[in-house]
Each structure stands twice: as structure tokens, then as C-alpha cells.
Amino acid sequence: MNAALIEQRQALADTVARFAEREIAPHVEAWDEAGEFPRTLYRQAAELGLLGLGYPEALGGTPAPWALRLPLAQALARHGASGGVLAGLFSHNIGLPPIVALGSPELQQRVVPPVLRGEAIAALAITEPGGGSDVARLRTSAVRDGDHYRINGEKTFITSGVRADVLTVAVRTGEPGARGLSMVVVPGDAPGLTRRPLKKMGWWCSDTAQIHFDDVRVPAGNRLGDEGAGFKAIMDNFNGERLALAAASLGFAQACLDEALAWVRQRQTFGAPLIERQVVRHKLVDMQMRIASTQAWADALAERADAGDASPDWVAQVCMLKNHATQAMQFCADQAVQLLGGMGYMRGMKSERIYREVKVMMIGGGSEEIMKELAARQLGL
Ligand SMILES: Cc1cc2nc3c(=O)[nH]c(=O)nc-3n(C[C@H](O)[C@H](O)[C@H](O)COP(=O)(O)OP(=O)(O)OC[C@H]3O[C@@H](n4cnc5c(N)ncnc54)[C@H](O)[C@@H]3O)c2cc1C
């Protein structure tokens with residue numbers, strides 16, 4: 001990485017840290033209790049250029065390499081310490097890329113700029129009640145009806161699903177299996193579309209929805225690419241999502257270490273601060289060791305992506321990095337809660353929230369088991 005890029009990364013991380021410490025961290029507890037964060041946060045993030053990072057200028061974004069996009073997710077996770085905010089505020093980063101890659105120019109201009117300005121919310125809807133890992137078997141159907149499609153089916157666990165103004169939906173337009181899948185953009189206010197919020201273990205302030213499609217009509221021009229192009233679009237999209245999830249997990253692991261370190265420096269037991277105990281220092285080193293290895297791996301894969309590498313080995317490494325990063329987050333959350341003692345179990349502590357939020361990082365965007373299977377296949381094992 002060249003010196004200019006390193007400087008840019010640091011400047012971006014500092015900006016994001018200030019934003020997260022001022023606009024997110026002090027409010028997260030109240031937002032979690034309320035079950036949502038304010039829509040105004042999208043505009044605030046957009047004004048700083050955070051929503052548009054990595055998108056083409058023609059659509060209102062700022063092109064940026066992965067070497068800059070990952071530190072954004074990492075710094076927001078570290079300093080905002082809320083998976084719910086991160087998932088909701090950046091749900092467009094899974095909803096929009098298929099539109100940018102495959103949508104018609106007219107559709108792109110209509111849908112993307114308002115989202116990057118923070119005026120509209122985008123979501124991605126793939127998972128169904130019948131299963132999420134086995135994408136090739138999804139059942140929501142889109143049947144051609146003149147110059148429209150009629151969509152029927154059900155999606156579940158959809159981030160920003162209740163509030164979304166635009167949904168990128170995986171549908172079956174053809175034969176059983178992967179080759180029968182397409183992606184289509186559905187407006188949130190389309191007649192026949194109903195949605196209800198779901199309650200969950202963590203990510204309380206993030207909107208997670210069950211969505212029902214009852215004869216929802218959308219223009220055929222809302223399809224992304226050709227009929228049957230959906231499976232590849234979904235898989236390509238997953239690589240970026242998994243990199244971002246790894247970077248966020250790294251940030252959450254750091255938030256746990258930061259909180260634990262501050263605590264053990266001031267907490268006295270048996271006449272001395274906790275940090276003076278060897279066993280405590282070793283826990284901190286074990287956390288740091290996982291953070292450092294995740295950081296190095298994420299940086300290396302970002303650099304490879306920015307050099308145009310999308311080889312099977314790179315895809316396998318992304319899968320393994322996602323597992324490594326989420327395991328690092330899980331380890332650090334567990335150690336931090338332990339070091340904080342009873343305080344670690346109390347609401348309002350970052351580590352308590354992150355401890356509740358780690359499982360979704362190990363399930364969403366491709367579960368740990370699926371990551372291993374995919375890595376094995378890509379590595380030819
Ligand atoms: C809070 C939250 C937000 C989410 N947001 C979105 C979203 O915005 N959009 C979206 O489309 N989806 C979203 N998801 C869904 C998520 O991507 C899926 O939950 C995930 O892909 C797993 O699918 P599943 O829940 O159907 O589990 P299943 O596929 O039923 O799997 C259940 C378990 O079996 C394991 N398993 C499955 N197949 C195998 C196998 N062959 N070998 C070994 N083990 C296997 C899995 O690893 C998992 O542990 C979200 C989920 C959550 C919890």
C-alpha cells in the first residue's frame with residue numbers, strides 16, 4: 001500500500017471515528033430500546049460521503065478501492081459499537097451493487113442517487129422461510145405478464161426490510177436450480193407487498209423484516225441483467241458483503257479490547273489494578289493476537305481485490321477471512337465481558353451488546369459452515 005493511500009485511510013478512519021463517537025455511540029442504547037434508529041442518520045452519513053463511498057461518480061458516489069471501504073466499516077464498528085446501526089445504515093451496500101452492475105442506466109439513475117444522498121433506503125432480499133444457505137432452491141416466483149412480472153412468495157430476515165424504499169429481490173423466473181434465478185428491483189410501496197418487523201437476539205435498532213409478495217407487479221425493466229443471471233449476481237455480491245462483514249467484525253473485536261483495556265487499568269482488586277495480573281495481560285494479548293492477524297489478512301485481501309483479483313483462491317480466502325474475523329470478534333467479546341466482571345453483563349456496556357451481536361455475524365452473509373464448504377470447493381479440496 002502506498003504512502004498516499006495509507007494517509008487517506010487514516011484520514012477516513014479519523015472522520016468516521018469522530019462521526020461515530022458523536023452521532024452514534026451516545027444514542028445506541030436508546031435506539032436499541034426503541035427498536036430503531038432515526039432516518040436522519042442516513043442523511044448525516046451521506047453528507048460526510050460515507051454512503052456513496054465505492055460508487056460511481058455518475059450515480060452520486062465517490063469511487064474508492066476496498067483498501068478505503070474496509071476501514072470505513074471497521075472504524076464505524078469500533079467507535080459506534082452497534083451492529084444494528086451498521087447493518088441498517090449500510091444495507092444499501094448489499095442492495096445496490098447488483099443494480100450498479102446489471103441494472104439499466106435508467107433504473108440506476110432512478111434508484112441509486114437518492115439512496116446515496118440518504119433520502120431513500122435500499123435492502124437486499126434473498127433469504128426465504130424455507131432456507132437461506134441453499135440459494136439455488138429459492139422459491140419466490142416472478143412470472144412474466146406482458147411488460148411486467150408478477151411476484152409471489154415470501155422473504156425473511158431482511159435487513160431494512162420494513163423501511164426500505166427499494167428492494168433488490170432474488171426471484172425464480174425459470175427452471176429449478178441456479179439457472180432459473182433472476183434479480184428484480186421492487187419498490188417498497190408496490191401494491192401487494194406487505195412486511196412485518198421481527199424481534200431478535202441482537203441488532204435491536206436494526207429493522208429486520210418478513211416480507212410477503214402477493215401478486216406484486218413490477219415492470220420487466222426492473223430486472224437486473226438477463227433472465228437467469230441472478231445466481232451469479234448474488235454470488236458476486238456476497239464477496240463484497242463478506243469482506244465488509246469481516247472488517248466490521250474486526251472493528252467490534254477492537255471495541256471490546258478498547259473497553260476491556262480501559263477497565264482493567266482502573267479496576268482494583270486485592271490492592272492492585274487488574275492489569276498487573278499476568279493472567280489478565282495474557283487475555284489482552286490473546287485478543288490483540290486475533291485482531292492483528294485479522295487486520296493483516298483483511299488488508300491483504302483488499303489489496304488483491306483492488307488489483308483485480310477475483311480468482312477462486314481469493315474467493316476462498318474471503319470465506320476463510322469471514323470465519324476468522326467473526327471468531328476473533330466472538331473471542332474478544334467473550335474475554336471482554338469476563339474481564340469486566342458483573343459490569344460486562346450490564347446493558348450500556350459495548351462488550352455486552354457486541355456479545356449479543358456476534359452470532360448474526362457468523363450466520364448472515366453466508367454461515368460459517370457454508371463458508372468452509374465454499375472455500376473447500378474453490379481450493380479444489
Ligand atoms: C439479523 C439478520 C439479518 C439478515 N439480513 C438479511 C438480508 O438483509 N437479506 C437476506 O437475504 N438475508 C438476510 N439474513 C439471512 C441470512 O443470510 C441467513 O440466515 C443465512 O444465510 C442462513 O440461512 P438460514 O437462516 O435459512 O439457515 P439454513 O440455511 O437453514 O442453515 C441452518 C444451519 O445449517 C447449516 N447448514 C446449512 N447447510 C449446510 C450444509 N450443507 N452443511 C453443513 N451445515 C449446513 C448452516 O450453516 C446453519 O448453521 C439475515 C439474517 C439475520 C439473522
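Buried here means under 20% relative accessible area, exposed means over 50%, and partly exposed lies in between, with a 1.4 Å probe and protein chains only. The model on screen is predicted, so local features need pLDDT of at least 70 and side-chain atom pairs count only at pLDDT 80 or more, while totals for chains, interfaces and linings use all residues. Residues are numbered from 1 along each chain as its sequence is written, and side-chain values use heavy atoms, with hydrogens and water left out.

**The whole chain**

Start with the protein chain in cartoon view, where there are 13 helices and ten strands; helices (H or I, at least four residues) and strands (E, at least two) are DSSP runs, numbered from the N terminus. The radius of gyration of the protein chain is 21 Å, close to the 21 Å given by the globule rule for 381 residues, so the chain is as compact as a globular protein of that length. That radius is taken over C-alpha atoms, and the globule rule is 2.2 Å times the number of residues to the power 0.38. Turned along its principal axes, the C-alpha trace spans about 80 × 45 × 40 Å.

Now switch on the surface, which comes to about 16800 Å² of accessible area, with 54% of it belonging to carbon and sulfur atoms; the areas come from the Shrake-Rupley method with a 1.4 Å probe, and for residues only the protein chains shown count as cover. Of the 381 residues in the protein chain, 53% are buried. Among contacts (heavy atoms within 4.5 Å) between residues at least 6 apart in sequence, 74% join residues at least 24 apart.

**Strands β1, β4 and β5**

Select strand β1, residues 122-125, where A122 and L124 point one way and A123 and A125 the other way, all of them buried. Add strand β4, residues 166-172, which pairs with β1 in the parallel sense over four bridges; two strands pair if DSSP finds at least two bridges between them. To find the register by eye, look for A122, which stands opposite V166 in β4.

Staying on β4, note that seven of its seven residues are buried. V166, T168, A170 and R172 point one way from this strand, whereas L167, V169 and V171 point the other way. Then bring in strand β5, residues 181-187, which pairs with β4 in the antiparallel sense over seven bridges, and where S182 stands opposite V171.

**The β2–β3 hairpin and R150**

Next select strand β2, residues 141-145, together with strand β3, residues 148-159, which pair in the antiparallel sense over five bridges. The bridge partner of S141 in β3 is N152. Two residues lie between the strands of this hairpin, and G146 takes a positive phi near 65° there.

R150 is found in strand β3 and is partly exposed, with a relative accessible area of 30%. Leaving aside neighbours within four places in sequence, R150 is in contact with S141, A142, V143, D145, D215, V216 and R217. For a distance across the model, draw a line between the C-alpha atoms of R150 and A75, which are 75 residues apart along the chain and separated by 42 Å.

**Two loop residues with positive phi**

Most residues other than glycine have a negative phi. Select S160, in the loop between β3 and β4, which has a positive phi of about 65° although it is not a glycine. S160 is buried, with a relative accessible area of 3%.

Move on to W203, in the loop between β6 (193-197) and β7 (208-219). W203 has a positive phi of about 50° although it is not a glycine, and W203 is buried, with a relative accessible area of 13%.

**C256 in helix α9**

Finish at helix α9, residues 230-266, and select C256 within it. Is C256 buried or exposed? At 0% relative accessibility, C256 counts as buried. Leaving aside neighbours within four places in sequence, show M287, C332, A333, A336, S351 and I354 as sticks, since C256 is in contact with each of these residues. The C-alpha atoms of C256 and A336 are separated by 5.7 Å, although the two residues are 80 apart along the chain.
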